[in-house]
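The following exercises are to be worked with the sequence and the coordinates at hand. Each task is followed by a stepwise solution.

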Amino acid sequence: MERIALFPGSFDPFTKGHEDIVLRGLRLFDKVVIGIGNNATKKRYFPLDVMKEMIERTFAGQSKVIVVTYDDLTAHVARELGARFLLRGLRNTTDFEYENGISQVNRYLYEEIETVFLITSPSLAPISSSIIRDLHRYGQGIDNFLPYSLSELNKLNHEG
Ligand code: ADP
């Protein structure tokens with residue numbers, strides 16, 4: 001049976017820290033599905049369709065990675081995809097407290113699911129989407145934190 005992992009997140013934006021989790025996840029699973037949660041009540045900073053495109057470009061030629069968007073409970077999406085694993089990154093104890101709670105709820109919703117946590121690579125641990133959004137909001141370059149180029153993202157943003 002294929003070992004499929006769903007890597008769920010807001011990815012607003014998708015960072016080099018997220019990329020690292022996907023690449024390491026590929027050593028453990030046959031397929032990694034990156035699921036961009038589209039919570040209708042939360043306004044995004046980077047548009048969903050543009051971010052999906054940038055992630056797809058990041059993993060172009062990598063057939064074991066696919067990108068989906070969803071507006072549903074993560075556990076339900078995992079079940080529909082046939083994914084018995086959730087992949088998450090752990091940066092610090094604050095992440096742990098939060099992740100501990102959601103992983104219990106996900107097991108309650110889908111008994112067979114296992115959440116697999118990868119400890120962040122030390123050089124990438126300080127990267128967070130919210131800090132990157134703040135840097136960008138105030139005009140600071142953020143390309144060093146992203147696995148794709150912001151100018152490409154801007155181009156798509158304006159076309160769309
Ligand atoms: P969410 O809104 O679900 O927390 P995020 O997009 O912020 O989604 O993060 C998705 C996952 O990636 C989470 O498991 C988070 O801990 C992890 N993550 C975020 N930043 C990093 C990083 N720099 N290195 C490794 N994992 C990270």
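**Exercise 1. Determine the accessible surface of the protein and the share of it that belongs to carbon and sulfur atoms.**

Solution. The model is a predicted one. Its accessible surface comes to about 9,000 Å². Carbon and sulfur atoms account for 50% of that area. Turning from surface to interior, 42% of the 160 residues count as buried, the cut-off being under 20% relative accessible area.

**Exercise 2. Decide whether the radius of gyration agrees or disagrees with that of a compact globule.**

Solution. For 160 residues, a compact globule would have a radius of gyration near 15 Å. The protein has 15 Å, so the value agrees with the globule rule. Along the principal axes, the C-alpha atoms fill a box of roughly 45 × 35 × 30 Å.

**Exercise 3. Describe the order of helices and strands, and state what share of the contacts between residues at least 6 apart joins residues at least 24 apart.**

Solution. First, count the elements: there are six helices and five strands. Next, read them along the sequence, which gives the pattern β-α-β-α-β-α-β-α-β-α-α. Finally, consider contacts between residues at least 6 apart in sequence: 78% of these join residues at least 24 apart.

**Exercise 4. Characterise the backbone at F11 and at the peptide bond from D12 to P13.**

Solution. Begin with location: F11 lies in the loop between β1 and α1, and P13 is placed in the loop between β1 (4–9) and α1. F11 is not a glycine, yet its phi is positive, at about 50°. Because its relative accessible area is 3%, F11 counts as buried. The peptide bond from D12 to P13 is cis, with omega near 10°.

**Exercise 5. Identify which residues R24 touches beyond four places in sequence.**

Solution. R24 belongs to helix α1 (residues 16–25). Leaving out residues up to four places away in sequence, R24 touches L118, I119, T120 and S121. With S121 there is also a polar contact of 3.4 Å between the two side chains.

**Exercise 6. Establish whether Y138 is buried or exposed.**

Solution. Y138 is found in the loop between α5 (129–137) and α6 (150–159). Its relative accessibility is 69%, and the cut-off for an exposed residue is over 50%. Y138 therefore counts as exposed. As for its position relative to G9, the two residues are 129 apart in sequence, and their C-alpha atoms are 24 Å apart in space.

Key. Residues numbered from 1 in each chain as written. Predicted model: local features only at pLDDT ≥ 70, side-chain atom pairs only at ≥ 80, totals over all residues. Heavy atoms only, no water. Helix = DSSP H or I, 4+ residues; strand = E, 2+ residues; numbered from the N terminus. Rg over C-alpha atoms; globule rule 2.2 N^0.38 Å. Buried < 20%, exposed > 50% of the residue type's maximum accessible area, 1.4 Å probe, protein only. Contact = heavy atoms within 4.5 Å. Areas by Shrake-Rupley, 256 points an atom, 1.4 Å probe, with all protein chains shown as cover. Polar contact = N/O pair within 3.5 Å; in protein donor to acceptor, adjacent residues only side chain to side chain.
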